[in-house]
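Biologist: I'm new to this one and keep tripping over the labels. Could you show it to me and explain where the words come from?

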Amino acid sequence: MNPAVLIASVYVFALAAFLGYQVISRVPPLLHTPLMSATNAISGISLIGSLVLAGAAVATPKAQLPAHILGFVAVTAATINVVGGFGITDRMLKMFGKRKPEANPAKEAAK
Amino acid sequence: MSLTSYFMEATYLIASILFILALKKMSHPETARRGMFLAEGGMFAAIVGTLVGAHIVTWVWIIAGLALGSIIGAWMAISVPMTAMPQRTALSHAFGALAAALVGVGEFLVHANQMTVVTRGALGFEVMLGALTTTGSLIAAGKLQGVIAGKPVQFRGQNALNLLIFLSMAASFVYFFVHPEAVAFFYAMLGLAFVFGVMLVIPIGSADMPVVMSLLNSYAGLAAAATGFVLSNNVLIIAGTLDGFSGFILSVLMCKAMNRSITNVLFGGFGAVIAEATSDAGGVMREISLDDAAMQLAFANRVVFVPGYGLATAQAQHACRELGELLEGRGVSVKYAIHPVAGRMPGHMNVLLAEANVPYSSLYEMEQINPEFPSTDVAVVIGANDVVNPDARDNPKSLIAGMPILEVDRAKSVIVLKRGQGRGFSGLENPLFFKPCTTMLYGDAKSSLSHLAQAVQHV
């Protein structure tokens with residue numbers, strides 16, 4: 001990694017941290033569990049690193065098979081994270097989104 | 001740069017933007033679900049982009065991994081009950097961190113010789129954070145599931161041993177950093193990180209799990225961000241940082257809600273010193289019969305339910321909602337008071353009650369509901385203990401002194417649903433139970449609540 005790339009990466013990191021702080025502090029405590037599982041699913045983005053490891057050619061032939069195997073395990077783990085994480089987050093958020101027009105029968109009766 | 005590489009980078013940029021938009025939409029329950037569709041789209045785009053642009057030569061491992069992971073992931077997403085959400089999330093942290101750690105090891109295998117100093121540094125952080133989060137999360141999941149005893153595991157010299165492990169790990173990292181050809185030190189660092197993750201979590205009691213969950217969330221994210229530095233990949237840095245900071249913010253909130261510092265949670269070993277520190281509150285606990293409790297509830301104007309971890313263990317959320325609806329049908333105002341650290345992870349109670357169809361407009365945060373307790377006729381405490389312990393407010397010598405609580409003792413009357421007369425997981429005496437306004441209803445929360453509902457119907 002050359003210095004220019006490093007500096008750019010540090011900028012990205014700092015700005016993402018700042019933005020993350022701004023965005024996430026607005027999430028109400030009501031949604032903290034879905035938030036945790038959503039950010040967890042999003043960080044399953046390490047899947048893309050795993051895909052490269054599992055499928056790309058490497059310069060040293062000796063390392064090829066170990067790299068593929070490590071990559072395979074990593075792809076599996078990261079996919080569990082992504083699929084499971086998004087799936088469960090959606091299940092939770094579906095429950096929160098549910099509208100209940102009949103929520104207050106007393107009020108209905110009064111009409 | 002070839003065309004496919006540009007395409008790949010474009011999908012990464014799109015994914016980054018979609019992730020941020022998704023988290024922004026998390027600020028409201030009405031928009032949150034649509035937000036997650038954006039994030040899913042972003043993830044899909046990034047995967048397609050990688051497969052197109054990354055010069056893949058062998059597909060079999062990729063397809064096998066994607067298929068196996070999808071099956072297990074989908075099974076977990078569909079089959080896990082809401083009460084088991086904390087352990088599922090902990091497991092998920094373990095998988096994410098494992099992936100980051102393995103990518104780090106793979107990167108070391110493939111590129112060990114041409115790594116620059118910066119890459120080696122980032123690689124060290126990636127592998128250490130990834131490995132310790134993997135085992136730490138597994139232990140946390142085991143404790144939450146009850147496979148491993150939830151009680152803090154402590155022994156003499158524990159902190160000294162942990163420090164020794166940490167220093168050896170750090171020393172291995174430094175040696176590898178300076179001498180990249182020292183392969184053994186890289187693997188020593190990896191192994192020590194796995195051990196350190198175990199040591200970090202075993203001394204922590206179940207009651208502190210909300211903090212630990214948030215911290216592990218943060219570490220898993222930072223491991224992914226470090227992966228981004230190793231691979232010079234911005235979408236990894238952005239997504240990992242978002243996750244890392246979300247975990248960090250949650251840890252701080254959880255610590256605040258317990259009035260403790262992160263170091264105290266990690267190294268304090270709550271629950272060990274308690275036996276001697278409890279003051280004997282004295283007095284007697286008054287038991288109430290089901291019918292009397294039902295009578296009180298049915299003729300109240302305002303009722304507040306205060307759920308705790310006991311609600312989750314008893315799976316009583318549906319019974320709770322049924323009772324609440326019956327009361328609302330009689331014109332009683334019913335609210336639910338949620339303490340930030342009630343349960344085993346941030347927001348645990350909200351999810352359970354949402355599952356039981358309680359509308360989120362009936363769920364109140366601590367600051368909102370506390371001023372309303374003096375005008376509340378009956379506060380029903382369901383399997384909660386420390387979060388309603390008035391000692392935290394009144395007794396500066398108490399172990400939980402200064403922890404903000406739900407002030408149910410200010411309500412006109414309190415009914416406490418509890419399994420038995422014991423002191424609960426923290427072992428602290430709770431003076432609330434001895435107050436003249438408090439009555440106790442013993443038994444399993446689920447059956448107590450459904451019996452209460454039947455009794456209310458017959459009032």
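What follows is a chat about the labels used for this structure and the values behind them.

Modeller: Sure, and first the small print: this is a predicted model, where local features need pLDDT of at least 70, side-chain atom pairs count only at pLDDT 80 or more, and totals for chains, interfaces and linings use all residues. Residues are numbered from 1 along each chain as its sequence is written, while chains are lettered from A and ligands numbered from 1 in the order in which they are written.

Biologist: Let's begin with chain A. How many helices and strands are there in chain A?

Modeller: There are five helices and zero strands, and the pattern along the sequence reads α-α-α-α-α. Helices (H or I, at least four residues) and strands (E, at least two) are DSSP runs, numbered from the N terminus.

Biologist: What makes a residue of H3(A) count as buried?

Modeller: We count neighbours: a residue is buried if 20 or more other C-beta atoms lie within 10 Å of its own, exposed if 12 or fewer, and partly exposed in between, with C-beta atoms placed from the backbone. In H3(A), ten of its ten residues are buried, among them Ser46(A), Leu47(A) and Gly55(A). For chain A, with its 111 residues, the buried share is 56%.

Biologist: Which elements do the buried residues of H3(A) pack against?

Modeller: H4 of chain A, plus H2 (29-53), H3 (60-79), H4, H8 and H9 of chain B.

Biologist: How many residues of each chain take part in the contact between chain A and chain B?

Modeller: Chain A puts in 85 residues and chain B 98. Two residues are in contact if their C-beta atoms, placed from the backbone, lie within 7 Å. On the side of chain A that touches chain B, the largest share, 31 residues, comes from H4(A). That side divides into 53 nonpolar, 26 polar and six charged residues. The classes go like this: Ala, Val, Leu, Ile, Met, Phe, Trp, Tyr, Cys and Pro count as nonpolar, Asp, Glu, Lys and Arg as charged, and the others, Gly among them, as polar.

Biologist: On to chain B. Why are H14(B) and H18(B) called roughly parallel?

Modeller: Their axes come within 8 Å and cross at roughly 20°. Axes are lines fitted to C-alpha atoms, for helices over the stretch in contact, and angles run from 0 to 180 degrees between N-to-C directions. Angles under 35 degrees count as roughly parallel, over 145 as roughly antiparallel, 65 to 115 as roughly perpendicular and the rest as oblique. So H14(B) is roughly parallel to H18(B). Their contact includes Leu323(B) of H14(B) and Leu449(B) of H18(B), and by class it has nine nonpolar, two polar and two charged residues.

Biologist: And what makes H4(B) roughly antiparallel to H5(B)?

Modeller: The axes of H4(B) and H5(B) come within 7 Å and cross at roughly 155°, which makes this pair roughly antiparallel. Their contact has 17 nonpolar, eight polar and two charged residues.

Biologist: Is the crossing of H4(B) and H5(B) left-handed or right-handed?

Modeller: Left-handed, and H14(B) passes H18(B) in a left-handed crossing too. A crossing is left-handed if the near helix is turned anticlockwise from the far one by less than a right angle, and right-handed if clockwise.

Biologist: Where are the domains of chain B?

Modeller: Domain 1 is 80-268 and domain 2 is 278-457, with bounds that come from an automatic or database domain assignment. Their centres, taken over C-alpha atoms, are separated by 36 Å. In the contact, 18 residues of domain 1 meet 17 residues of domain 2. On the domain 1 side, H9(B) gives the most, with five residues.

Biologist: Last one: why does His55(B) count as exposed or buried, and what about Gln315(B)?

Modeller: His55(B) has 12 C-beta neighbours inside 10 Å, so His55(B) counts as exposed. His55(B) lies in the loop between H2 and H3 of chain B, and its phi is near 55°, a positive value in a residue other than glycine. Gln315(B) has 16 C-beta neighbours inside 10 Å and therefore counts as partly exposed. Gln315(B) also has a positive phi of about 55° although it is not a glycine, and its place is in the loop between H13 (309-313) and H14 of chain B.
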